[in-house]
There are 2 protein chains.
Amino acid sequence: MEGLALSPPARKRLGSRFAVLGMLGMGLETGYSMKKHVETNLRHFWSASYGRIYPILRELVTEGLATCEPEAKPGRRRRNRYKLTPKGQEQLNAWLAEPPEHQPHRHELLLKLSFGRYVPTAITKQMLEEHREVCRLAVDACAKMEAQLQGDAKLHRDQPYWLMTIRCGRAVRAAEQAWCDDAIELLDGIDGQGSDEASEM
Amino acid sequence: MEGLALSPPARKRLGSRFAVLGMLGMGLETGYSMKKHVETNLRHFWSASYGRIYPILRELVTEGLATCEPEAKPGRRRRNRYKLTPKGQEQLNAWLAEPPEHQPHRHELLLKLSFGRYVPTAITKQMLEEHREVCRLAVDACAKMEAQLQGDAKLHRDQPYWLMTIRCGRAVRAAEQAWCDDAIELLDGIDGQGSDEASEM
DNA sequence: CTAGCCATGTAATCCGTTACATGATTGG
DNA sequence: CCAATCATGTAACGGATTACATGGCTAG
């Protein structure tokens, strides 16, 4: 009844912020290079947009977790080089040691599938086939990344960790691919004896 | 160069809206029951909050895709019963037939792992072990749901489709679980010969 | 000359959760 | 009587993408 109190009630989910902090920690200095890193190395389990990165970078400076030295060399486009402060390093370490939160993921194909009863089976089948192909390509891409990683001497410190992340992506995608085969089979089973209700459509 | 035109440039990602439309399509009539359905049946690949459901429901009515009949029976809490209009049914069918968009998912564990080089291996190992346990529990939960589904006569139309979604969840989680074993093994390999840089912490 | 990469940034908009606020009915 | 379940809704916040705006350097 009185309610309305301004409780600071356990802040949560600052993922992107710590992603940026982490990339600063690995020595990336510009917003641009962070975006690149996410796109090329983290793409199958993370994403980031400039619309978040640059504001976060400025926040970090405001809060004393990072420093920014603008670099105005002639013959170079102006750029801001960011670096972690000790305080930033500390927060990063603290976050790294905490158990990760797992945010629930949304899988639109499965959502549609849950309404599958109202859809002609041919369409559902096509969706599953397309998804299988998407998975196959993703698995291939992971295999390629893995091969590349293994032939790179400079990354030896990061290598085993990056390898793990790629293998997780590959394992998950491969499982989904296999599941598609299963699902298609199950669907063919329905199709034989089944009355699909989309006929009323 | 001319740009600046007010293009209606291909609207995207209306996932939750269509989830609601779909649930209307399967005969769910109240916001409350939709939330329940998501929580009990779709939970491992979708989520929904009242904060979205109720506003969406009102929007749908405004746009003529659904109707709302408030029901004020004595001895019953007031509730609004929503139903699809033909126009709503049409939009739902159109969406169901479209190939799903796959939004990239974020996996915080993998993000932390990508910074693993800066973390004591003991901590990383613990994270992986915890994740393995989470996966194991999820796999078990899926197995239970599957068993329940198979013993339910009323759901025979939805049954094969719901089964598919559960099996996907199970397959993915099982793959992740297996991957954890792999990753832990790889980690033990590093640990033997490895210099972890967190020593400078 | 021009495409592509380097590089930074903002504003609009959308999407989604959380917390709050309310309250009736039912079963133990 | 108390807890659970049914039931509806809003406000504040937080988070993320998209589109726009700008512009220099380099290699072909």
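His44(A) sits in the loop between H2 and H3 of chain A. Keep in mind that this is a predicted model. Is His44(A) buried or exposed? Its relative accessibility is 19%, and the cut-off for buried is under 20%, so His44(A) counts as buried. The side chain of His44(A) reaches the backbone oxygen of Thr165(A), at 3.4 Å. Leaving aside neighbours within four places in sequence, His44(A) is in contact with Met145(A), Thr165(A), Ile166(A) and Gly169(A). His105(B), from chain B, is also in contact with His44(A).

One of those partners, Met145(A), takes us to helix H6 of chain A, where Met145(A) is among the buried residues. H6(A) covers residues 121–150, which makes 30 residues. At 1.5 Å a residue the helix should span 44 Å, and the end C-alpha atoms are 43 Å apart, so the two values agree. Other buried residues of H6(A) include Thr121(A), Leu128(A), His131(A), Cys135(A) and Leu149(A). Glu146(A) is on that list as well.

Now a step back to chain A as a whole. It has seven helices and two strands. Along the sequence the order is α-α-α-β-β-α-α-α-α. Of its 201 residues, 41% are buried. Chain A exposes about 11,300 Å², and carbon and sulfur atoms supply 53% of that area. Take the contacts in chain A between residues at least 6 apart in sequence: 59% of them join residues at least 24 apart.

Next, helix H1 of chain A, residues 15–25. How many of its 11 residues are buried? Nine are, and the helix is mostly covered. Among the buried ones are Phe18(A), Val20(A), Leu21(A) and Met23(A), and Arg17(A) is also one of them. What do these buried residues pack against? In chain A, they pack against H2, H3, strand S1, S2 and helix H4. Helix H5 of chain B, residues 108–114, is part of that packing too. Just after H1(A), Gly27(A) takes a positive phi of about 100 degrees.

Over to chain B, and Arg173(B). This residue lies in helix H7 of chain B, residues 159–193. Arg173(B) has a relative accessible area of 18%, so it is buried. Leaving aside neighbours within four places in sequence, its contacts in chain B are His131(B), Val134(B), Cys135(B), Ala138(B) and Val139(B). His102(A), from chain A, is in contact with Arg173(B) as well. The C-alpha atoms of Arg173(B) and Asp140(B) are separated by 9.8 Å, and the two residues are 33 apart along the chain.

Last, the DNA. Which residues are closest to strand C? They are Arg58(A), Arg77(A), Arg13(B), Ser16(B) and Ser47(B), out of 29 residues that surround the strand. Of the atoms of strand C that come within 4 Å of the protein, sugar and phosphate account for 69%. Three side chains of chain A each place a polar atom by a phosphate oxygen of strand C: Tyr32(A) at 2.8 Å, Tyr54(A) at 2.9 Å, and Arg106(A) at 2.8 Å. The elements that give two or more residues to the surface near strand C are H2, H3 and S2 of chain A, together with H3 of chain B. H3(A) gives the largest share, four residues. By type, the residues of this surface divide into seven nonpolar, 11 polar and 11 charged.

Note on methods: Residues are numbered from 1 along each chain as its sequence is written. Chains are lettered from A and ligands numbered from 1 in the order in which they are written. This is a predicted model: local features need pLDDT of at least 70, side-chain atom pairs count only at pLDDT 80 or more; totals for chains, interfaces and linings use all residues. Side-chain values use heavy atoms; hydrogens and water are left out. A residue is near a molecule or strand if one of its heavy atoms lies within 4 Å of it. A polar contact is a pair of N or O atoms within 3.5 Å; within protein, one must be able to donate a hydrogen and the other to accept it, and residues adjacent in sequence count only if both atoms are side-chain atoms. Ala, Val, Leu, Ile, Met, Phe, Trp, Tyr, Cys and Pro count as nonpolar, Asp, Glu, Lys and Arg as charged, and the others, Gly among them, as polar. Buried means under 20% relative accessible area, exposed over 50%, partly exposed in between (1.4 Å probe, protein chains only). Contact means heavy atoms within 4.5 Å. Accessible areas come from the Shrake-Rupley method with a 1.4 Å probe; for residues, only the protein chains shown count as cover. The expected span of a helix is 1.5 Å times one less than its number of residues.
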